[in-house]
Each structure stands twice: as C-alpha cells, then as structure tokens.
Amino acid sequence: MAYNLGVPPGWRKATRNLPALSPPVIVTDTFTPPQRLPVWSSLEQHAARLRATRVRTLFDTDAGRFQRLSRSVCGLTVDFSKQRLDAAALADLLELASAAGLQDGIAGLFGAAQMNFTEGRAALHMALRGSCPAPGGEDVTRYFREARSFARALREGGIKGATGKSINHVINLGIGGSDLGPRMVFEALAHTHRPVKVDFVANIDPRDLDEALAGVDPERTLFIVSSKSFGTAETLSNATAARAWLASTLPARVADNALAVHFAAVSNATASAAAFGIPPERVFPLPEWVGGRYSVWSAIGLPLLIAFGEAGFDAFLAGGRDLDQHFLKAPLADNLPVLMGLVGLWNTDFLGLETLAVLPYAHGLRNFAMWLQQLEMESNGKRTLRNGEASAVQTSPVVWGGVGTVGQHAFHQLFYQGTRTIPMDFIVPVGDDDPRQRGLVDNAFAQAAALMNGRDLATATAALAAKGMTPDEVERLAPHLVCPGNQPSTTILLPQLDAYHLGALLALYEHKVFVQGWIWGINSFDQYGVELGKEMARALAQGGSAECDASTAGLMAAAAAIRASNRAR
C-alpha cells in the first residue's frame with residue numbers, strides 16, 4: 001500500500017530563509033566560570049538585601065510589578081512577579097547572561113556548534129521542529145517520512161498482525177527519553193479522539209509489562225521497541241518478554257518468523273534490530289545530533305503520530321518551533337526562556353534554594369514533573385565545567401512535584417508551615433469556562449497567593465477570636481495557624497492543554513535548561529554519570545559480587561538467601 005510521504009506543514013517555509021551554517025565552533029575555547037565574572041559579587045549583594053525581603057512588600061512599593069515581571073509568548077503567559085526579585089537584581093542577572101556570552105551561546109546552539117563538547121556533537125533537536133538547518137545541510141524530513149507513512153497506515157487499518165487482523169493496540173517499550181517524553185505528551189493530549197489504543201512500558205519490573213498485557217488481544221497488538229542503540233538493557237528485556245508472550249498467545253499456526261509483523265523499532269541500529277527479528281523497513285532512525293531527553297520531536301514520537309495523527313503532531317512541532325524563534329530572536333530582557341533560566345539560577349545560586357517544585361494544575365500533566373526531572377537533572381546535574389574545573393557554585397536544583405489539587409491535600413502543608421523555602425512553578429491551563437475547570441484554576445491562583453502572603457500571628461489570633469474562642473484557647477492555638485509565607489513562585493498560563501501550547505511549553509523548559517547550563521559552564525547534552533550504575537549492574541549480573549563493597553556483597557547474599565527461601569515454599 002503506497003502513501004504520500006509528506007513533511008510537517010510550515011517546515012519548509014520556516015527553514016527556507018534561515019542563515020547558512022557557520023563552521024562548527026568548539027565551545028570550550030574561551031570560558032570564565034560565572035562566579036569570577038564581576039557582576040557575580042553584585043548579585044550576591046542583591047541576594048543579601050532581598051533574602052529577608054517579603055515579596056508582598058515589593059508589590060506594595062511597585063504598582064506595576066506584575067506588568068514588569070510577566071511576559072506573553074506563543075499564547076503562554078508567564079508571571080515572575082511572585083519571585084523574590086526586584087528590578088536592580090534582574091538587571092544584574094541580565095548582565096550576568098550577557099557577560100557569560102549567552103547571545104553567542106544561543107547563536108551557536110542554532111548554528112550547529114558542538115554544544116555537546118565532550119562527544120563532539122551539535123545539539124539540534126530544534127531542527128526537527130523546522131527551526132534551523134541540520135548539520136551539513138542534512139535533509140531532516142527523511143527522519144519523518146517512513147515513520148509518518150507507517151503511522152498513517154496503522155491508523156487507517158493497513159498494518160496487519162500475523163493472522164491478518166488490523167493492529168488496534170500499540171505498546172511502546174522504552175525507558176528514559178524514549179519513554180518519558182512521549183508518555184507525558186500522550187497523557188496530556190489523551191482526551192482527544194484516538195482510533196488506536198496506546199500504552200507505555202518502561203520498568204524492567206515484570207509487573208509493568210504484565211499489567212499492559214492484561215486482557216490484550218495479541219493478534220491486534222504491535223510493540224514499538226524504542227532504543228537509539230538497540231542496546232538498552234531494560235528495553236530489550238521487555239522486548240524479549242513481549243516476543244515470548246506473542247509466541248505463547250498467538251494461534252499455534254503462527255510461525256515464529258511471523259512474529260516480526262507485531263514489532264517496529266525506533267533505532268539507529270538496524271542490524272541489531274534485524275537480529276532481534278524486526279525487518280529494516282520497520283526500523284525508523286533518529287539523528288545522532290538529538291539526545292534522548294530531547295527526542296520526543298523525532299521518530300521517538302511515533303506513538304504520538306499513531307495516537308493523534310499528523311495534524312496533532314504537526315501542531316506540537318509548530319508550538320516548539322514558534323518558541324524556538326522567540327528564543328533565537330528576542331532581546332535578553334524580553335526573552336522568556338532567558339528570564340526563566342535566570343530566575344532559576346537566582347534561586348539556586350544566590351538565595352541558596354535547593355529544590356524546584358513543579359505543580360501542574362492539569363490531570364493530563366500528571367507526569368510532567370517526571371519528564372522535567374530528566375530534562376533538568378540529567379542535563380544540568382553535573383559539576384565539571386567546560387575548562388575541566390569543578391564547579392564552585394550549585395548547578396541543577398532537585399526537581400519534584402505533583403498535580404494540583406491533589407498535592408494540596410498532601411505535600412503543600414510543607415510549603416505553608418515547613419522550615420524550607422521552596423521555589424515553585426505553577427502550570428495552569430485556563431481552559432473553558434466550565435465551573436470545575438474554573439475551580440481548578442482558582443485553586444492554583446489561591447495557592448500561589450496564599451504561599452506568598454502567608455498569615456501572621458495577629459491575623460491568626462483575630463480569626464480565632466472571631467469564632468468565639470476563649471482568650472486562653474486563642475493564645476494556645478494561634479501559633480499553629482501562622483504561615484510564614486514569602487514562598488517564591490512562577491505561574492505559567494496556557495490557553496488550553498492542546499498540542500500547540502504543549503509544544504511551546506516543552507521548548508520553553510528545554511531552552512531554560514540550556515540557558516542555565518551555558519552560564520554555569522557545563523555540558524547540558526551528555527550524561528556520563530548514569531553509566532557508572534549501569535556498569536555496576538552489568539558487573540553484578542556477571543557474578544562480580546566479589547569485587548563489591550561489604551554492604552553490596554552482604555545485600556547480594558541476603559537476596560540470594562531470600563530467593564532460595566522463596567523457592568523452598
């Protein structure tokens with residue numbers, strides 16, 4: 001069956017007049033650690049001044065604070081006015097960005113400089129959105145053609161299983177960037193019509209795959225093995241288990257070599273995929289210059305193409321592309337990712353705040369914090385600088401969070417009366433004028449306001465007295481009602497939780513992470529650290545417990561004893 005192999009609408013228009021690439025630049029040539037820049041000491045003085053300042057007081061002395069500290073781009077409205085920040089501190093943060101050569105960094109990012117300098121690669125996931133040319137003028141559309149054709153055929157019933165039945169259920173097998181991005185985007189947009197059921201499995205824990213397979217028709221199920229190298233241990237383990245499940249549940253007349261029609265892969269290792277039993281025409285590549293945590297825009301997004309069709313995926317790309325163009329062209333003072341990155345750096349390095357709570361007020365974004373954990377902490381959770389020195393300042397915050405209003409009945413108590421100051425990002429799709437949706441939005445606004453304003457002892461005392469309590473009871477209880485407030489937060493409004501605005505939101509956070517990594521002087525695009533644990537796991541699997549520390553050796557022995565006891569039952 002033949003299909004018209006299109007490219008994303010607007011892609012050629014967006015890239016037609018982009019400047020030609022300059023030769024790749026090695027970004028380690030000149031670098032000064034940020035704390036050695038003259039403006040750093042000025043920022044430390046601002047922090048000493050503002051650390052004890054109440055944000056409420058900043059509003060009282062500046063009637064235009066909201067207008068000055070909010071920006072609207074691509075339909076997103078971002079309000080920084082509840083951050084513990086004033087005009088003088090912001091001016092010096094912008095000077096820090098300028099002194100760190102951020103404009104050159106942004107130009108280099110879009111110009112194919114080797115931003116991933118440890119591996120000698122560009123980081124050009126933006127090219128997949130049509131925002132810039134690919135390295136060497138490579139035809140980026142080739143990374144879309146076959147995947148789009150396959151997704152279209154599957155949605156239209158043209159992809160059959162071994163018994164001739166159309167595939168109507170897809171299970172994506174991946175982990176890390178091959179799972180978190182597409183899973184999060186799928187959940188965010190899952191309220192839209194889908195002709196094909198899509199599930200995601202990442203955990204090597206057998207229960208994850210077992211639950212996905214419960215009640216599933218094997219004759220109509222297809223597995224996508226998402227692994228750039230086709231060597232990810234967890235993904236291959238799940239793929240092997242999926243193949244065994246098909247062999248045991250499909251009709252006996254289905255030969256083993258017919259199982260291949262129940263698989264596709266997103267990988268650059270065609271030979272390895274073929275050895276597993278996936279034919280080359282079912283293996284969809286992705287560029288080497290796109291890292292895993294940025295790969296949702298590539299063929300790793302195949303489950304999204306299947307679930308939402310090309311129009312939905314193209315709207316997602318368009319949102320990212322429009323935010324890219326803003327990041328590339330807007331002055332630093334009006335550049336939303338730059339401002340967001342600087343506010344986060346201010347909280348981390350100058351106010352000494354170690355975490356970032358991400359609070360989406362949307363059920364569809366229930367896994368947004370997990371996606372952002374990988375993006376921020378895998379990108380910027382590093383200490384070695386471009387010049388080989390160890391960072392003298394803190395880098396990535398600890399990212400965590402959960403959806404509102406659920407979190408209000410759980411961990412928000414710590415925000416109100418705990419001993420820590422915790423920066424927060426409230427992400428709020430405004431949505432339609434429906435009473436429940438309005439209630440959700442009102443809750444988000446109320447939380448941000450209450451956490452900024454707090455409640456002092458006098459207010460608590462008056463509230464209890466108004467209830468008719470005795471003076472002694474008021475005196476006893478009032479301290480327990482005090483909320484210090486002054487918790488800093490950023491609020492991001494989306495008109496709707498749709499593909500376009502979700503694409504813009506993801507690109508906003510991607511570029512924010514780049515801004516911070518560039519100023520800190522780290523490589524936001526490698527992840528050597530995570531390899532250490534993988535190496536240890538491989539060593540243990542090969543019987544390397546004798547080389548372990550005493551604790552690990554003891555745990556290995558205890559686990560072996562427990563397994564033996566379980567077998568004896």
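Buried means under 20% relative accessible area. The model used here is predicted.

## Exercise 1. A salt bridge between two helices

Find the partner of Lys 512 and say which elements the pair connects.

**Solution.**
- Step 1: Lys 512 pairs with Glu 376 in a salt bridge. Their closest N and O atoms are 2.5 Å apart.
- Step 2: Place both residues. Lys 512 belongs to helix 19 and Glu 376 to helix 14, so the salt bridge ties together parts 136 residues apart in sequence.
- Step 3: Check burial. Lys 512 is buried, and Glu 376 is buried too.

## Exercise 2. Two further long-range pairs

The structure holds 26 salt bridges. For Arg 71 with Asp 334, and for Arg 148 with Asp 314, work out location and burial.

**Solution.**
- Step 1: Recall the principle. Side chains of opposite charge can pair when their charged atoms come close.
- Step 2: Take Arg 71 and Asp 334. Their side chains form a salt bridge at 3.2 Å, N to O. Arg 71 sits in strand 1 (residues 70–73), and Asp 334 in the loop between helix 12 (302–329) and helix 13, so the pair joins parts 263 residues apart in sequence.
- Step 3: Classify each partner. Arg 71 has 18% relative accessibility, so Arg 71 counts as buried. Asp 334 has a relative accessible area of 40%, so Asp 334 is partly exposed.
- Step 4: Take Arg 148 and Asp 314. The closest N and O atoms of this salt bridge are 2.4 Å apart. Arg 148 is in helix 7 (residues 142–155) and Asp 314 is in helix 12. The two residues are 166 residues apart, and the pair links distant parts of the chain.
- Step 5: Classify again. Arg 148 is buried because its relative accessible area is 1%. Asp 314 is buried because its value is 10%.
- Step 6: Widen the view. A network of salt bridges links Arg 148, Arg 152, Glu 310 and Asp 314.

## Exercise 3. The interface of two domains

Describe how domain 1 and domain 2 meet: residues, area and polar pairs.

**Solution.**
- Step 1: Set the bounds. The domain assignment gives domain 1 as 34–100 + 330–453 + 487–520, and domain 2 as 129–309.
- Step 2: Locate the centres. Taken over C-alpha atoms, they are 34 Å apart.
- Step 3: Count the contact. Domain 1 brings 22 residues and domain 2 brings 16 residues.
- Step 4: Take the area. The domains bury about 1600 Å² between them, with 60% of it on carbon and sulfur atoms. Trp 371, Gln 374 and Glu 510 supply 30% of the area that domain 1 buries against domain 2, more than any other three residues.
- Step 5: List the polar side. The interface has three salt bridges. Seven residue pairs are in polar contact across the interface.
- Step 6: Name the elements. On the side of domain 1 that touches domain 2, helix 14 (368–380) and helix 19 are the elements that give two or more residues. Helix 19 gives the most, with eight residues.

## Exercise 4. Helix 5

Test the length of helix 5 (residues 87–99), then find what covers its buried residues.

**Solution.**
- Step 1: Compute the expected span. At 1.5 Å a residue, the 13 residues should span 18 Å. The end C-alpha atoms are 18 Å apart, which agrees.
- Step 2: List the buried residues. They are Ala 89, Leu 90, Asp 92, Leu 93, Leu 94, Leu 96 and Ala 97.
- Step 3: Identify the cover. It includes helix 2 (38–50), helix 6 (102–110), helix 13 (336–350) and helix 19 (499–520).
- Step 4: Look past the end. Just after helix 5, Gly 101 takes a positive phi of about 75°.

## Exercise 5. A loop with two polar residues

Characterise Gln 394 and Ser 391 in the loop between helix 14 and strand 9.

**Solution.**
- Step 1: Fix the place. Gln 394 lies in the loop between helix 14 and strand 9 (398–401). Ser 391 is found in the loop between helix 14 and strand 9.
- Step 2: Is Gln 394 buried or exposed? Its relative accessibility is 51%, so Gln 394 counts as exposed.
- Step 3: Find contacts, leaving aside neighbours within four places in sequence. Gln 394 is in contact with Thr 348, Asp 349 and Trp 520. Ser 391 is in contact with Arg 383 and Leu 385.
- Step 4: Compare sequence and space. Gln 394 and Gly 352 are 42 residues apart in sequence and 8.5 Å apart in space, C-alpha to C-alpha.
- Step 5: Check the Ser 391 side chain. One of its polar atoms lies 2.7 Å from the backbone oxygen of Val 393.

Technical notes. Residues numbered from 1 in each chain as written. Predicted model: local features only at pLDDT ≥ 70, side-chain atom pairs only at ≥ 80, totals over all residues. Heavy atoms only, no water. Helix = DSSP H or I, 4+ residues; strand = E, 2+ residues; numbered from the N terminus. Expected span 1.5 Å × (residues − 1). Buried < 20%, exposed > 50% of the residue type's maximum accessible area, 1.4 Å probe, protein only. Contact = heavy atoms within 4.5 Å. Domains from an automatic or database assignment. Buried area = accessible area lost by both parts, 1.4 Å probe. Salt bridge = Lys/Arg side-chain N within 4 Å of Asp/Glu carboxyl O. Polar contact = N/O pair within 3.5 Å; in protein donor to acceptor, adjacent residues only side chain to side chain.
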